[in-house]
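Okay, everyone, thanks for coming. Let me put the structure up and then walk you through it.

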Amino acid sequence: MKINIDGYAAEITDSLGKAGYEAYVVGGCVRDSVMGRTPEDWDVTTSAKPEEVIAVFGEKNTVATGLRHGTVTVIKGGKPYEVTTFRRDGEYSDFRHPEKVEFVSDLAEDLKRRDFTVNALAYSEKTGLIDLYGGLADIESKTLRAVGDPEERFNEDALRILRAARFSSVLGFGIESGTSAAMSKLCDNLKKVSAERVFTEICKLVRGKNATAALMDCHDAIFAVIPELAPCYKFEQKSKWHRYDVYEHIARAVGCAEGGLEVKLAMLLHDVGKPECFFVKDGEGHFYGHGEKSYEKARKILRRLKASNALFYETTLLVRLHDRPIKNDERKIKRLLSEIGDETFLRLVAVKRADGLAQGTEIALEEVKGLKDIEKTYRLIKERGDCYTLSSLAVNGSDLAALGYRGEAIGKELSRLLSLVIDGAVENDRERLIKISSKRI
Ligand code: ATP
Ligand code: MG
């Protein structure tokens, strides 16, 4: 099998080869190339020791990134390439970091420490594909399988449990039954993995094309890191709006959401407060106040997972608003736009669409259709260039200051004028607005 290697990665393996070392591209980039996906980055594994790698490329073209782990970053064409010496991981004592790594002389040892068979492929122009663990067959049958004994591998490094869920989502692979059983059995060890690493995997997982299946299949691993979701599992909604239990609805909503990470994470957390709000009236299940309850929980979860502030605020706002009806009414839409801004408004529409689609009932689909009209109204507002923000109001703070307004009164009056303009009570015309405000001073 021939793979198109990235030009600079090929130069790196060539140079190492000419200097008498073995060198291969390895791991995710080989997997992605075989699958016809574009690799994000190209990693190289080599028999050269770190100082030998530095000697081959020169100090000014290399960064000693993780010498202890055998990694040297080689800069080519302004891009970083990680070049790592063949290694074997030593004992693991904290479920995450090997106590020490040992450099070894052959590729087979290096491939053995890699997490999944599809990630344990190496390639060089000279040797072609090196597949010691059946990775190619697993790519063909879309199977994620641990290299060696899955329990042993997950005991060494619990993060691999979540990586499995993530790869299953991103690659659209099923998880081999032994690997999957070991994930469920050992997922509690994930509690010892750092929040940052957990969150990185969750973010990749929710954006994967197969997120729904991964969330369903790997629910144990998900609940180990977000225990607040566990009560949603198989929680029957007893509602004419919903075809699925709360967790399946969530998993489906993540899968069908169109939008960035904020929208995906909002879907993951939008109903996390539902079980606590549940009550039945006349045989019908209700969840009053679950938007607010989910918001509280989402705040705790995203803080714990160390989400960035921007992601935290946007995601939790979407969770809080997800259940608030949007009427197809120009004034109401402009008010909402002035409150949350265009970007959040469009994300909220995406959230509502995903929520409705994942409810899986006819009446919910009707509501989803209504979102098209809301988007139409939004486009109309934009085309006309209607004013709904303070910055597009025809007067500003200095205008009001010139009229004699001071301090807080300026902001208050500007808001009042904006309200009048949004409501259509007055045109967004400078002279008109100044006249109105001058009467009040
Ligand atoms: P991505 O598309 O996210 O870059 P990747 O497979 O390249 O996926 P990386 O985290 O970049 O994943 O790691 C590169 C390679 O290193 C993997 O393909 C795998 O061979 C190995 N690897 C990474 N993390 C682990 C781990 N926790 N345990 C074992 N092997 C790992
Ligand atoms: Mg990679």
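**Sheet first, then helix pairs**

Let's start with a strand pair: strand S8, residues 121-124, is joined to S9 by four bridges, and the two run antiparallel. One thing to say right away is that this is a predicted model. If you want a spot to zoom in on, Ala-122 sits opposite Ile-130 in S9. The chain gets from S8 to S9 by a hairpin, through three residues.

Now zoom out a bit. What is the order of the strands in the open sheet? Reading across, the order is S3-S4-S5-S2-S1-S8-S9, so seven strands, with mixed pairing. The edges are strand S3 at 62-66 and strand S9 at 128-131, and each of those pairs on one side only. Ignoring direction, neighbouring strands in this sheet are turned by 35° against each other on average.

As a quick reminder, strands of a sheet pair through backbone hydrogen bonds, and they can do that parallel or antiparallel. We have just seen an antiparallel case with S8 and S9. For a parallel one, look at strand S2, residues 43-46, and strand S5, residues 79-85: four bridges join them. Within that pair, Val-44 stands opposite Val-83 in S5, and Asp-43 has Glu-82 in S5 as its bridge partner. So that second one puts an Asp and a Glu down as bridge partners.

Staying with S5, turn to its pairing with S4. Those two run antiparallel, and six bridges join them. Thr-71 is the residue that stands opposite Thr-84 in S5. The S4 and S5 hairpin has two residues between the strands, and Gly-77 there takes a positive phi near 55°.

What lies across this part of the sheet? That's helix H3, residues 50-57, which lies across S2, S3, strand S4 (71-76) and S5. H3 runs at about 15° to S4.

Right, on to the domains. The domain assignment gives four entries: domain 1 is 1-141, domain 2 is 142-221, domain 3 is 226-386 and domain 4 is 390-438. The C-alpha centres of domain 1 and domain 3 are 43 Å apart.

Next, some helix packing, and I've got three pairs for you. Take helix H7, residues 159-171, and helix H9, residues 195-207. Their axes come within 8 Å and cross at roughly 15°. That is under 35 degrees, so H7 and H9 count as roughly parallel to each other. The crossing of H7 and H9 is left-handed. On the H7 side, the contact is made by Leu-159, Leu-162, Arg-163, Ala-165, Arg-166, Ser-169 and Val-170, and on the H9 side by Arg-197, Val-198, Glu-201, Lys-204 and Leu-205. By class, that contact of H7 with H9 has six nonpolar residues, one polar and five charged.

Second pair: helix H16, residues 309-321, with helix H17, residues 330-357. Here the axes come within 10 Å and the crossing angle is roughly 55°. H16 and H17 are therefore oblique to each other, and their crossing is right-handed. Who touches whom? Glu-314, Leu-317, Leu-318 and Leu-321 from H16 meet Ile-340, Thr-344, Arg-347, Leu-348 and Val-351 from H17. Sorted by class, the residues of the H16 and H17 contact are six nonpolar, one polar and two charged.

Last pair: helix H20, residues 408-422, and helix H21, residues 430-439. They pack at an angle of about 130°, and their axes are 11 Å apart. That makes H20 oblique to H21. H20 passes H21 in a right-handed crossing. From H20, the contact uses Glu-413, Arg-416, Leu-417 and Val-421, and from H21 it uses Leu-433, Ile-436 and Ser-437. The classes for H20 with H21 come out as four nonpolar, one polar and two charged.

That's my tour, so let's go to questions.

Methods:
Residues are numbered from 1 along each chain as its sequence is written. Chains are lettered from A and ligands numbered from 1 in the order in which they are written. This is a predicted model: local features need pLDDT of at least 70, side-chain atom pairs count only at pLDDT 80 or more; totals for chains, interfaces and linings use all residues. Side-chain values use heavy atoms; hydrogens and water are left out. Domain bounds come from an automatic or database domain assignment. Axes are lines fitted to C-alpha atoms, for helices over the stretch in contact, and angles run from 0 to 180 degrees between N-to-C directions. Angles under 35 degrees count as roughly parallel, over 145 as roughly antiparallel, 65 to 115 as roughly perpendicular and the rest as oblique. A crossing is left-handed if the near helix is turned anticlockwise from the far one by less than a right angle, and right-handed if clockwise. Contact means heavy atoms within 4.5 Å. Ala, Val, Leu, Ile, Met, Phe, Trp, Tyr, Cys and Pro count as nonpolar, Asp, Glu, Lys and Arg as charged, and the others, Gly among them, as polar.
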